[in-house]
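Here is a walk through a predicted model. Keep the structure in view while reading.

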Amino acid sequence: MTATVQDRRADIVVLDVPSARSLAWILGVVGATLVGLGVVASALERSEADIAGREDIITLLSLKSEYNIPTVISGLWLAAAALLLLVIAAVQRARGAPFVARWAVLSGIFLYLAVDEGARLHERLNEPLAALPITTGVLRWGWVLVG
C-alpha cells in the first residue's frame with residue numbers, strides 16, 4: 001500500500017505503511033506474549049522445579065528485572081514512538097500546521113524514556129537522589145525525579 005500526502009508546501013510519499021489497526025494488533029500480540037512469558041518466568045521462580053536452564057529462563061523473561069528480552073522490546077517500542085513523533089513533527093512543519101514544537105518535545109521525551117530504559121538511568125540515579133532533602137512523600141524514591 002502506498003500513501004501520498006499532498007500539501008501546498010510538500011509532497012511526502014510513504015511506502016508500505018501498515019494500517020493503524022494492523023499495527024495495534026501486532027503490538028498487542030507481542031505485548032500479550034511478553035506478559036505470558038513473564039508469567040511463566042514468575043511461575044518458574046516460585047516453583048522448585050528442577051528444569052535445565054531454569055535460572056537463565058527466569059533472567060531472560062522476568063518482567064521485574066532489567067537487561068532482558070522485555071526490557072529490550074520496551075526500549076525499542078519507546079524509540080519507535082520517538083521516531084514516529086518526530087515524523088509527525090516534520091510532516092506538521094511541512095504543512096505549516098500549529099503545535100510542531102509540541103510534537104518535537106514529545107519525541108524528545110520518548111527518546112529520553114527509550115534511553116532511560118536501555119541504560120537504566122533512573123535506577124543508577126536512585127541512591128544519589130534519595131539522599132536529597134526533597135525526596136519525601138510522593139518523591140521518596142529518587143528515580144521519580146528523573147523517571
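The text below goes from the whole chain to one helix and then to one pocket.

Start with the overall layout. The protein chain holds 7 helices and 2 strands. Along the sequence they run β-β-α-α-α-α-α-α-α. Of the 147 residues, 19% are buried. The accessible surface is about 10,400 Å². Carbon and sulfur atoms account for 67% of that surface. Now consider contacts between residues at least 6 apart in sequence: 41% of them link residues at least 24 apart.

Next, turn to helix 2, which spans residues 54-61. Its buried residues are R54, I58 and L61. Where do these buried residues lie when helix 2 is seen down its axis? They fall within an arc of 90 degrees, so they line one face of the helix. What does that set of buried residues pack against? The partners are helix 1 (20-46) and helix 3 (69-95).

Helix 1 and helix 3 also appear in the second largest pocket, where each supplies at least two lining residues. This pocket has a volume of about 190 Å³. Its lining consists of L23, L27, W77, A80, A81, L83, L84 and V87. Which helix gives the most to this lining? Helix 3 does, with 6 residues. The chemistry of the lining is uniform in class: 8 residues are nonpolar, none is polar and none is charged.

To recap, helix 1 and helix 3 pack against the buried residues of helix 2, and both contribute to the lining of the second largest pocket.

Technical notes:
Residues numbered from 1 in each chain as written. Predicted model: local features only at pLDDT ≥ 70, side-chain atom pairs only at ≥ 80, totals over all residues. Heavy atoms only, no water. Buried < 20%, exposed > 50% of the residue type's maximum accessible area, 1.4 Å probe, protein only. Helix = DSSP H or I, 4+ residues; strand = E, 2+ residues; numbered from the N terminus. Arc of directions from axis to C-beta. Contact = heavy atoms within 4.5 Å. 1 Å grid on protein atoms, 1.4 Å probe; cavity = no way out; pocket = protein on both sides within 12 Å on 5 of 7 lines; lining within 4 Å. Points joined across faces, edges and corners; volume = space filled by probe spheres on them. Nonpolar A, V, L, I, M, F, W, Y, C, P; charged D, E, K, R; others polar. Areas by Shrake-Rupley, 256 points an atom, 1.4 Å probe, with all protein chains shown as cover.
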